[in-house]
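I opened this entry to look up how the strands and helices are put together. My notes follow in the order I took them.

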Amino acid sequence: MVQFLFLKSPNELAQNKMFMQGTDKSGRLITVVFGGRHYQNKTGGLEEFKRFVTFILERITSRMPPGQEKFVAIADVKGWGYSNSDIRGYLASLSILQDYYPERLGKMFVVHAPSIFMTAWKMIYPFIDEKTKKKIVFVDSKQLKSTLLKDIDESQLPDIYGGKMKLVPIQDS
């Protein structure tokens, strides 16, 4: 296990970009991440971001329902722009997910993707392993709710996507 696993990242948590609650129809925990709220940390840098990613993944795995080993992510990149671009951070988080939490991601829905995001995506995509690539679904905004409802009951779908579940940020306690 990596030494920085349980160290907190207050600067990253303060960005209020990660949420976790509810389960999909397969019983997998639902997480929501807002890419437009991520800014490269100037004080703690890449190491603090890696601690944040590890802290979040530990939180997710510790809260998975009994018998469940995977989670679902909704990556909302609405408003994402150059100021949110953190290729080194994204590659580091991808490495942590793939190397230390293999096969934990069940599915990822990428929603509200602006065209500028797709430029960064092209740089990251080659570093994603083939199994993970198959789990990533880009969702057309016009079919957002209907696409998510195929995997998530309305009672478990976050309210910002037309469901009934209120978002609850991941806290450091």
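**Sheet.** I began with one strand pair in this predicted model. Strand 2 (residues 29-34) and strand 3 (residues 71-76) run parallel and are joined by six bridges. I looked up one residue of the pair: Thr31 has Ala73 in strand 3 as its bridge partner.

Next I traced the whole sheet. I found five strands in an open sheet, in the order 1-2-3-4-5, and the pairing is mixed. Which strands stand at the edges? They are strand 1 (18-23) and strand 5 (136-138). Each has a single partner strand, so one side of each lacks a neighbour in the sheet. I also checked the twist: on average, neighbouring strands are turned by 20° against each other, direction ignored.

Then I asked what packs on the sheet. Helix 2 (residues 45-62) does, and it touches strand 1, strand 2 and strand 3. The direction of helix 2 makes about 15° with that of strand 1.

**Helix 2 with helix 3.** I stayed with helix 2 and looked up its packing on helix 3. The angle is about 40°, and the axes are 10 Å apart. I noted the crossing as right-handed. From helix 2, the contact uses Leu46, Phe49, Lys50, Val53, Thr54 and Leu57. From helix 3, it uses Arg88, Gly89, Tyr90, Ala92, Ser93, Ile96 and Leu97. By class, I have eight nonpolar, three polar and two charged residues here.

**Helix 3 with helix 4.** I moved on along helix 3 (residues 87-100) to helix 4 (residues 115-124). Their axes come within 11 Å and cross at roughly 50°. That angle makes helix 3 oblique to helix 4. This crossing is right-handed. Which residues meet? Ile87, Tyr90, Leu91 and Leu94 of helix 3 meet Ala120, Met123 and Ile124 of helix 4. The class count for this contact is seven nonpolar residues, with no polar and no charged ones. I note that Tyr90 is listed in the helix 2 contact and in the helix 4 contact.

**Confidence.** I finished with pLDDT. The protein has a mean of 84, and 85% of its residues reach 70 or more. Among the elements, helix 6 (residues 144-149) has the highest mean, 97. Helix 1 (residues 10-13) has the lowest, 47. Over residues 1-14 the pLDDT is below 50, yet this stretch has 31 contacts in the model beyond near neighbours in sequence. Where pLDDT is low, predicted coordinates should not be read in detail. I therefore leave those contacts unread, given the pLDDT below 50 over residues 1-14.

Definitions and conventions. Residues numbered from 1 in each chain as written. Predicted model: local features only at pLDDT ≥ 70, side-chain atom pairs only at ≥ 80, totals over all residues. Heavy atoms only, no water. Axes fitted to C-alpha atoms, helices over the stretch in contact; angles between N-to-C directions. Helix = DSSP H or I, 4+ residues; strand = E, 2+ residues; numbered from the N terminus. Parallel < 35°, antiparallel > 145°, perpendicular 65-115°, else oblique. Left-handed = near helix turned anticlockwise from the far one by under 90°. Contact = heavy atoms within 4.5 Å. Nonpolar A, V, L, I, M, F, W, Y, C, P; charged D, E, K, R; others polar. pLDDT = per-residue confidence, 0-100. Pairing = 2+ DSSP bridges.
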